[in-house]
Amino acid sequence: MSEQNQNFKVSVNTEIGRLRKLLIHSPDSGLGKVVPSKAQDWLFEDIVHLDTIRKGEYDYYIKLLMYFLDPDKIKGKLAEIDSEASDRNFYKPNHPDFHNSKSVIEIQNLLSEMLENESIRKKLVAAVCAIEGCTYKVQLELTNTDPKQLAEIFISGTLANDTMIFAPIPNLIFTRDVGTTINNHILLNKPAKKARVRETLLMRYIFFNHPLFEGYRNNILEIPDVTMHFLRPGDEPAFSTTLEGGDVMMVSPNHVLIGCSERTSEHGANEAIKLLFDQDVVEKVTVVKIPSKRDYMHLDTVFTQVKRNTWVILNSIAHSPKYNPYEPINFLKEPEKLEATTAIQFTKANPQEPKHFEHVEALLNDISQNDLKSTEPTKIIYSGNNQFPYDSREQWTDSCNLLAIKEGVVLGYDRNDKTVEAFKAAGFDVVDVKDLVQDLESGKVSAETITDTLILMPSAELSRARGGFHCMSLPILRDNL
């Protein structure tokens with residue numbers, strides 16, 4: 001094992017500790033090949049403009065991550081990196097001038113490095129060709145393809161001559177969904193949708209085979225199917241065992257949240273709880289059952305943490321709808337159970353007697369006060385400043401899907417105006433990323449001293465993909481609080 005790999009560490013025990021390393025995937029050419037007729041099958045609500053999503057939006061995400069996680073790569077070099085002559089080469093995974101950060105880690109690079117091993121390359125090509133229904137001739141051609149080019153083909157679905165041989169996997173930019181770091185373990189996902197099967201396979205191979213994770217191979221957790229799952233009826237959601245990383249949050253050293261949602265089933269949550277308890281990874285798991293609707297999709301689309309005592313959440317999730325007993329309709333029709341949100345906490349010591357929380361806000365308060373020992377009252381910032389119709393409009397464009405790069409410093413989209421007002425009212429500074437990058441470059445502002453700030457990121461195209469910066473990050477190392 002190389003010295004770099006010996007020093008490599010996996011450890012995340014909160015959502016808000018100072019971020020040190022994460023896995024990301026830059027928008028690849030596959031995003032530019034999503035067609036309207038397949039957009040929803042590929043889990044996109046719209047088609048995006050690739051050039052804008054790269055240059056005008058995602059590049060700023062990379063810049064900001066570099067200043068906070070790997071400043072030597074960017075500080076004092078920004079003008080050169082962004083010059084016309086450089087042609088964005090700093091941001092292109094296959095280019096010799098790519099940043100190759102060891103802290104802001106590009107999945108495509110990990111994949112191409114792993115594919116240099118001939119034995120692994122043959123196995124992965126065979127597996128991909130099997131799930132994609134490729135001919136044996138194509139399988140042989142791919143096996144003999146250069147590893148860097150092959151990694152690009154696996155992700156974009158497209159050969160060097162721009163011929164598509166299988167579908168792209170545009171959701172790989174949402175790296176959170178492929179797995180979650182829980183203390184020094186990584187829990188792999190089990191996707192609900194066919195569109196995400198290939199990215200799950202690629203990530204499984206990376207975690208089990210890339211030298212970077214060599215010391216953690218025994219700490220990679222896979223969700224098994226329930227016993228005799230192949231005897232259950234068809235593909236009915238009620239019988240599926242699915243779990244996606246957007247539904248898993250590591251909120252304190254011994255406490256994990258798992259959302260039951262459109263993408264994570266009760267069976268998936270059940271298997272994850274057993275696995276986490278059996279492997280002594282955590283002491284308690286709280287299952288938050290949210291409405292199984294495309295509007296919400298994952299737990300991290302309806303709430304995320306900002307500080308140990310501060311959360312941003314959609315009010316209708318924080319408190320389930322209350323029904324007026326004086327309305328005759330309540331005697332004529334059963335209330336919609338799907339609209340209710342519940343929180344049930346299981347402990348390793350006593351799993352048969354779970355604790356029920358009155359509502360999600362009570363759970364968040366319990367985490368802040370009891371798990372994280374906050375000395376201040378818990379604050380709740382509501383999506384859209386809790387004003388109709390902005391609450392649901394802004395939740396749809398990821399007002400609740402924020403990434404904390406340190407406690408109190410979070411990244412969010414610039415389009416959620418009412419939520420921005422709510423952050424200001426809660427005492428947060430609000431800064432545009434373009435201004436902040438210039439201030440970080442000039443030394444006017446320091447990544448070490450910035451506090452209580454919402455950083456607004458450009459989002460016209462990124463928001464069409466239905467995921468925020470919490471989705472676009474897989475933290476693998478955070479400082480302890």
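Start by selecting residues 360-371, which form helix α12 in this predicted model. At 1.5 Å a residue, these 12 residues should span 16 Å, and the end C-alpha atoms sit 15 Å apart, so the expectation and the model agree.

Stay on α12 and show its side chains. Val360, Glu361, Leu363, Leu364, Asp366, Ile367, Ser368 and Asp371 are buried. Residues three or four places apart on an α-helix point the same way, because there are 3.6 residues a turn. Now step just past the helix to Lys373, which takes a positive phi of about 55°.

Next, hop over to the strands. Select β8 (residues 284-289) and β11 (residues 342-347): they run antiparallel and are joined by six bridges. Look for Val287, which stands opposite Ile344 in β11. Then add β12 (residues 355-357), which runs antiparallel to β11 with three bridges between them. Here Ile344 turns up again, this time opposite His356 in β12.

Ready for the inside? The largest nonpolar core has 50 residues, and Tyr61, Leu64, Phe68, Ile405, Ile455, Met457 and Phe469 have the most contacts inside it. Elements that each supply at least two residues of this core include β1 (19-24), α2 (50-69), β14 (403-406) and α15 (433-442). Color α2 brightly, since you'll want to spot it: α2 gives the most to this core, with 12 residues.

Zoom in on Leu64. Which residues does Leu64 touch, leaving out those up to four places away in sequence? Its partners are Ile405, Leu411, Val433, Leu436, Leu440, Ile455 and Met457.

Last stop: a second, separate core of 39 residues, where you can pick out Ile153, Leu172, Leu201 and Leu202 among its members.

Terms used: Residues are numbered from 1 along each chain as its sequence is written. This is a predicted model: local features need pLDDT of at least 70, side-chain atom pairs count only at pLDDT 80 or more; totals for chains, interfaces and linings use all residues. Side-chain values use heavy atoms; hydrogens and water are left out. Helices (H or I, at least four residues) and strands (E, at least two) are DSSP runs, numbered from the N terminus. The expected span of a helix is 1.5 Å times one less than its number of residues. Buried means under 20% relative accessible area, exposed over 50%, partly exposed in between (1.4 Å probe, protein chains only). A nonpolar core is a set of buried Ala, Val, Leu, Ile, Met, Phe, Trp, Tyr and Cys residues joined through side-chain atoms within 4.5 Å. Contact means heavy atoms within 4.5 Å. Two strands pair if DSSP finds at least two bridges between them.
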